[in-house]
Every structure is written in C-alpha cells, then in structure tokens.
Amino acid sequence: LTDEEWDVAARRAQLRRAGSIGMPRRTGVHVAGRRIPGAESQLPVRVYRRFGAEAEPPAIVYFHGGGWVVGDLDSHDGTCRMIADETGCVVVAVDYRLAPEHPFPAPIDDAVAAYRWVRTHARELSIDPARIGVMGDSAGGNMAAVGAQATRDTDVPPPQVQCLVYPATDAWFAQPSHELFSEGFFLTREDMEWFRGHYLPDRADWDSPLASPLRHPDLTGVAPAVVVTAGFDPLRDEGIAYAEAMSKAGVPVRSRCYDDMVHGFFGMGILP
C-alpha cells in the first residue's frame, strides 16, 4: 500500500472501531444482510426490524456518514439498531461505494439506486409503500438531501420525509462555522479538505447540486425535512442554511441545533 492508501484504510478501520465502542448495541432488533442492485454493481445493505413491529411499518433508507471515504454497515450498525428500536421503522442501511476508489458521483448514484430499489420492493420488505423516508448523517445527510431533490420528478415517488443529521450541504466550506470550529472540535477543517479532495477532486463539481444541495436553485416540493445540527461543528451553519432555504421554498421543516454538541454526537450514544 502507498502512504495515501494506508491512510484511507487506517481511517476506515478507526471509524469502524469507534462505532462499535460509542453506541450501545440494541438487541431487540432483527438484522438481516442482503445485496441489491446498485448503479453499477451489487450493493450490500442491512435491514433492521424491531421485534414486535407492526405488520407493514414505515421504512427509512439510511446513508452512513464518513465523508464519502470512510464508514460502512459496521461503523453505523449501533446507530441503525437504535433508530429501528426507537421508531419502529424498518431501517435499510446502504453500503454505497466509497471514494477515492469511486469518487463523485458514484456514491450518489448508488444512494438513488438503493432508494429506488426499496421503493419498488416494499411488498418483499413487508413495509408500507406510502411511508418511506431517507436519512443520513454528515456525508450521508448530504446524500439524503440530494436524493430527496433528485426524486422529485421521476417515475419513483419521492420520500415522505428526509432527516438530515449535521448534513454537508455546500462543498465550498464558505459558512462562518467552518472558520469558527476549524480545529479542536472533533471534525477539523483539515479533515474536511481531506474528504473533499478524495470525493470531489474536480473543483468544477463543487457547484453541482448533486454535491452541494444548498446550491440548488429551486427547492420547491422537496420532502418535508427534519434537520439536526451541532453547536460546535464546522457543518453547523450550512445545515441551518439548508433548513432555512427549504423553509423559504415552502417546505415544512423542523430544525434543531444541539448547542453543546460536536459533530458525530448522534453516533456516540450520549443523548437519550
């Protein structure tokens, strides 16, 4: 391995370990792995269903965080178990392709393909086809937001709701919180630039709404949104700005900033 390849592999292993330590592992959830068609290859997914859930529960298609470079089904297993257990929703976690092996737009293509598959296989999954949402944290929040935009005018119905947990919404890192919390608060400016360099190596892509959903010129009609941000997070202001932009476009939005939290808190098991 080159030094760069080793760095990527080491960071992936580090997040996997952190995920297994941080979030208490819920045991009242049935978990099943399978493969589904992605944009260009078969995608591993993991389906979480709370024991005793209703016959056809709502479903959440979940995209993990990790800067489009790190993260996988294992790193976010505790998070997805918690969501399934607390909400009663079936959670379908998607192991989309990662950069730098598969840079933009490959992860987005996989996310949309996975959502499409869940939508068209509701009967097979024993879920309610009229109650399917998308959710993700950080880079996964970006993918959920992009997916909600991209499915507005397709043959597959858009999600009923989008839940964006400290989402990345603007690849330019132009909001004040990027400067305020550039170091010392878990996620650093250096980290963000490292992720962006792998996922969006071509600067010309930074303005694309598929990379920066905040820059979409028309947010009318996207799914109702829940936006969660953290007070000490470089991504705080762009998450809040996206919530405000959707609200101005007439989208029902619930936005909450956990003022004393840092990026990543949702996967740490520190809040009830």
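This short presentation describes the sheet of a predicted model and the helices that accompany it.

Good morning. I begin with the sheet. Eight strands form an open sheet in the order β1-β2-β4-β3-β5-β6-β7-β8, and the pairing is mixed. At its edges are β1, residues 29-37, and β8, residues 253-262, each of which pairs on one side only. On average, and ignoring direction, neighbouring strands of this sheet are turned by 20 degrees against each other.

Within the sheet, please consider β3, residues 59-63, and β4, residues 90-94. Five bridges join this pair, which runs in the parallel sense. One residue may serve as a reference point: I60 has V91 in β4 as its bridge partner.

I turn now to the helices. Helix α2, residues 77-87, packs on the sheet, where it touches β1, β2 (42-50), β3, β4 and β5 (132-137). The direction of α2 makes about 40 degrees with that of β2. Helix α8, residues 236-248, lies across β6 (162-165), β7 (225-232) and β8. With respect to β7, α8 runs at about 150 degrees.

Finally, I come to helix α5, residues 139-150. From first C-alpha to last, the 12 residues of α5 reach 16 Å, close to the 16 Å expected at 1.5 Å a residue. How many of the 12 residues of α5 are buried? The number is 11, so this helix is largely enclosed by the rest of the structure. Among the buried residues are A139, N142, M143, V146 and Q149. And what covers them? The covering elements include the strands β3, β5 and β6, together with the helices α3 (106-120) and α8. Thus α8, which lies across β6, β7 and β8, also contributes to the cover of α5.

Note on methods:
Residues are numbered from 1 along each chain as its sequence is written. This is a predicted model: local features need pLDDT of at least 70, side-chain atom pairs count only at pLDDT 80 or more; totals for chains, interfaces and linings use all residues. Side-chain values use heavy atoms; hydrogens and water are left out. Two strands pair if DSSP finds at least two bridges between them. Helices (H or I, at least four residues) and strands (E, at least two) are DSSP runs, numbered from the N terminus. Axes are lines fitted to C-alpha atoms, for helices over the stretch in contact, and angles run from 0 to 180 degrees between N-to-C directions. Contact means heavy atoms within 4.5 Å. The expected span of a helix is 1.5 Å times one less than its number of residues. Buried means under 20% relative accessible area, exposed over 50%, partly exposed in between (1.4 Å probe, protein chains only).
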